[in-house]
Amino acid sequence: MRVATDIGGTFTDLVYIDETGKIGVAKSHTTPPNFENGVLNVIKESGIDTKQLDTFIHGTTVIINALTERKGVKTGLITTKGFRDVLEIARGNRPDLFNIQYKKPTPFVPRYLRKEIEERLNYKGEIIEKLNVDRLKEIIEYFKSENVEAIAVSYLHSYSNPVHEIETVKYIKEVWPEVAVTASHEVTREWREYERTSTAVLNSYVKPIASTYIDRLEKELSKIEKDSNKYIMQSNGGTTTFEQSKQTPINMVESGPVAGIYGAAILGKILGEENIIAFDIGGTTAKCSLIDGGDVKVTTEYNIERNERSAGYPIKVPVVDIVEIGNGGGSIAWIDDGGSLRVGPQSSGALPGPVAYGKGGTEPTTTDANLVVGRLSPKNFDNDVDMEKVKEVIAEKIANKFEVSVDEAALGIIRIANSNMLNALKLISVRKGYDPRDFTLVAFGGGGSMHAPALAKELGVRKVIVPVASSVFSAWGMLMTDLRHDYIQTFIRRVDDIDYDEFNKLLVQQENKAISQYEDEGVEKDRVLFTRYVDLRYIGQEHTVKVPVPNGVVTKDTMADVIKKFHDTHEQLYTFKLEDSPTEIVNVHLMALGSVQKPELSKMEHNGLSLQDALKEVRPVLYEDHGWIDTKVFDRSKLNTDAIIEGPAIIEESSASTVVYPDQSVTVDIYGNLIIKTGV
């Protein structure tokens, strides 16, 4: 049995697949700050026999929470002499360009804990000045006196040759084994001094937090089972071992959200839909990503806390290219200083949650609004919902301010939330040169199926797929993932001057390193699969474009095909190409997958029930542009593959509701997925 658990801002989800392909799900409230308790609770609620557990995969928000809430440890930085202030200087390409009062984000390491040391390499990795070990001793003693708990080491050009970083880390571990330490080359081998230093610092900042959490989780799991393979979901869409995740926890920064994206790609391949827009609405955020031809896009240009006013903090590790906004079921509706209605990014979270949860929430949320307009039913909650209280809060905080009815205020909240989500969907499609009409929307998360049909129609998407167990789909995605490691090496060479012997030697070195790492993790060589890329650009450009490179020996003819693909991709992304301009390689990227056996999806069996048997009730629902309509409400668990439902309709399951609008229709496929035709 394969089991996956995913910690979200509001709920902790579980999905399991047994040897017959049967899927089971469970959901429990997230339990901050002791998140492992929520994992144990949801395992208990699922009723699974833990003795049958073969593989356990876990996605967590512990890392991103520690960063955004500033709950990491006191961290020091050791860097090359002259580069102490690289975190302070950062980049000049700030998002709020014309704001003369703009302030750069405060570094995670204050200046008094950033120390310089004499050492120097040139850009080729050749030693110019040896490491000053005496100075290193002084720095360590100073950090001890300041009660530093973690150290980041980032030296100039160490992406090319990490010899001095290796020497430094070895010394620190000998004289101070208790302190957590990260060398920049351990987390990234790409150039960009600021980004590489930031990544090393953030990894050190959360390293003790990650180790403590994973150790606690492993200890608690050992009480109920002992022999399963245990993995952690990474931001690149693959998994890694518990032990490796404690060394480079920064790779878990988007651990949970990316699993759903990867799951959408897998589901798309099963259903013959390789052009997918993955759309996930949880309790706190909405996330989306575009999958072109089955290819999940991964980037190292990732920033936390970046928005229209702040540059955020760069993390130069592979992360699935995802757009995330603060709009979910728990997003709070509020009125800004200009008198406009806003929804999010503030969230009611798991505690106190929306007003409907009855846990002390006092602010109106998207969930509360969906209850008022009839899209959610009070009967579908774990608790007794006080609808009068829900309406009272919306009236007091929103409706009375605009002198409108509670119904109109609730619908307004939903419209604002949808508008925010639509902008995010456009960012990953239209804004990147893709026509949404060529894609299918896969909607998941607790709120995905409730909002997706309206958004898809607005965007021009013809089909929406709501997968089985949609509310816990990210956990399902984890069950379908392979182990994954990425090896990225800066290798700046003009393509017309490239030494193919040198280039192929680097590729072989990366592959050998991957095989060696997987052997240490118990993965045989014949289970390791390689996919290679190069980051290319025109000479003089700043940005690069990632292009696949065929396996095997790379020749001049091979590279000519790669360059052609680069020109075409550049034109798609930036509307132009310069075929006569010289190009250069910036990075070489090897993606190494350690394949694991995945269960096959079981097909749905006819349960003998009719569509009338699946009908739960008829209730009034408020729709944009249509007003209140008496709407049939169906129990998803009783629908068969021959079911055809014309909108308007609501299809309910234990933790999600699918809203089918007038002029839309829905069918059920052989796996139990809902297929919605949007009427576009």
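Strands in this tour are DSSP runs of type E with at least two residues, numbered from the N terminus. The structure on display is a predicted model, and each stop below names what to select and what is found there.

**Stop 1: Ile276**

Select residues 276-281, which make up strand β13, and then highlight Ile276 within that strand. Is Ile276 buried or exposed? Its relative accessible area is 0%, so Ile276 is buried. Next, add Leu290 to the selection: 14 residues separate Ile276 and Leu290 along the chain, and their C-alpha atoms are 6.1 Å apart. Leu290 is also one of the residues in contact with Ile276 once neighbours within four places in sequence are set aside. The others are Ala264, Gly268, Ser289, Ile291, Phe439, Thr440 and Val442.

**Stop 2: Thr248**

Move to the loop between α8 (242-247) and α9 (255-271), where Thr248 is placed. Thr248 counts as buried because its relative accessibility is 9%, and the limit for that class is under 20%. Which residues does Thr248 touch, not counting those up to four places away in sequence? They are Glu186, Val187 and Asn203. Select Ser204 as well: the C-alpha atoms of Thr248 and Ser204 are separated by 8.5 Å, with the two positions 44 residues apart along the chain.

**Stop 3: Ser158**

Turn now to the loop that runs between β9 (150-154) and α5 (163-175), and pick out Ser158. With a relative accessibility of 1%, Ser158 counts as buried. To display its surroundings, select Glu165, Ser184, His185, Arg189 and Arg196, which Ser158 touches when residues up to four places away in sequence are left out.

**Stop 4: Salt bridges**

How many salt bridges does a search of the whole structure find? The search finds 42. Three of them are visited here.

Begin with Arg70 and Glu305, whose closest N and O atoms are 2.7 Å apart. Arg70 sits in the loop between α2 (62-68) and β5 (75-80), and Glu305 in the loop between β17 (302-304) and β18 (313-315), so this salt bridge ties together parts that are 235 residues apart in sequence. Arg70 is partly exposed, with a relative accessible area of 35%. Glu305 also counts as partly exposed, at 30% relative accessibility.

Next, select Glu146 and Lys74, a salt bridge in which the closest N and O atoms are 3.8 Å apart. Distant parts of the chain are linked by this pair: Glu146 belongs to the loop between α4 (133-145) and β9, Lys74 to the loop between α2 and β5, and the two are 72 residues apart. Glu146 is partly exposed, with a relative accessible area of 22%. Lys74 is partly exposed as well, with a value of 30%.

For the third pair, select Glu652 and Lys616, whose side chains meet in a salt bridge at 2.7 Å, N to O. Glu652 lies in strand β32 (residues 649-653) and Lys616 in strand β29 (residues 615-623), so the pair ties together parts 36 residues apart in sequence. Glu652 is buried, with a relative accessible area of 2%, whereas Lys616 is partly exposed, with 43%. Extend the selection to Lys379, Glu617 and Arg619: together with Lys616 and Glu652, they are joined into one network by salt bridges that share partners.

**Stop 5: Tyr500**

Select helix α15 (residues 500-520), where Tyr500 is placed. Then add Val554, which is 54 residues from Tyr500 along the chain, with 7.0 Å between the two C-alpha atoms. Apart from residues up to four places away in sequence, Tyr500 touches Val495, Val554, Thr555, Lys556 and Met559.

**Stop 6: Two surface patches**

Switch to a surface view and select Asp386, Glu388, Glu392 and Glu396, which form a negative patch. Glu396 is in helix α11 (residues 387-402). This residue counts as partly exposed, at 46% relative accessibility.

Finally, select Tyr574, Phe576 and Leu578. What kind of surface patch do Tyr574, Phe576 and Leu578 make? The patch is nonpolar, with an area of about 240 Å². Leu578 belongs to the loop between α16 (556-574) and β28 (583-594). At 36% relative accessibility, Leu578 counts as partly exposed.

Terms used
Residues numbered from 1 in each chain as written. Predicted model: local features only at pLDDT ≥ 70, side-chain atom pairs only at ≥ 80, totals over all residues. Heavy atoms only, no water. Patch = residues over 30% accessible without salt bridge, like charges linked within 9 Å, V, L, I, M, F, W, Y side chains within 5 Å. Areas by Shrake-Rupley, 256 points an atom, 1.4 Å probe, with all protein chains shown as cover. Salt bridge = Lys/Arg side-chain N within 4 Å of Asp/Glu carboxyl O. Helix = DSSP H or I, 4+ residues; strand = E, 2+ residues; numbered from the N terminus. Buried < 20%, exposed > 50% of the residue type's maximum accessible area, 1.4 Å probe, protein only. Contact = heavy atoms within 4.5 Å. Lys, Arg positive; Asp, Glu negative; His and termini not counted. Charge placed at Lys NZ, Arg CZ, Asp CG, Glu CD.
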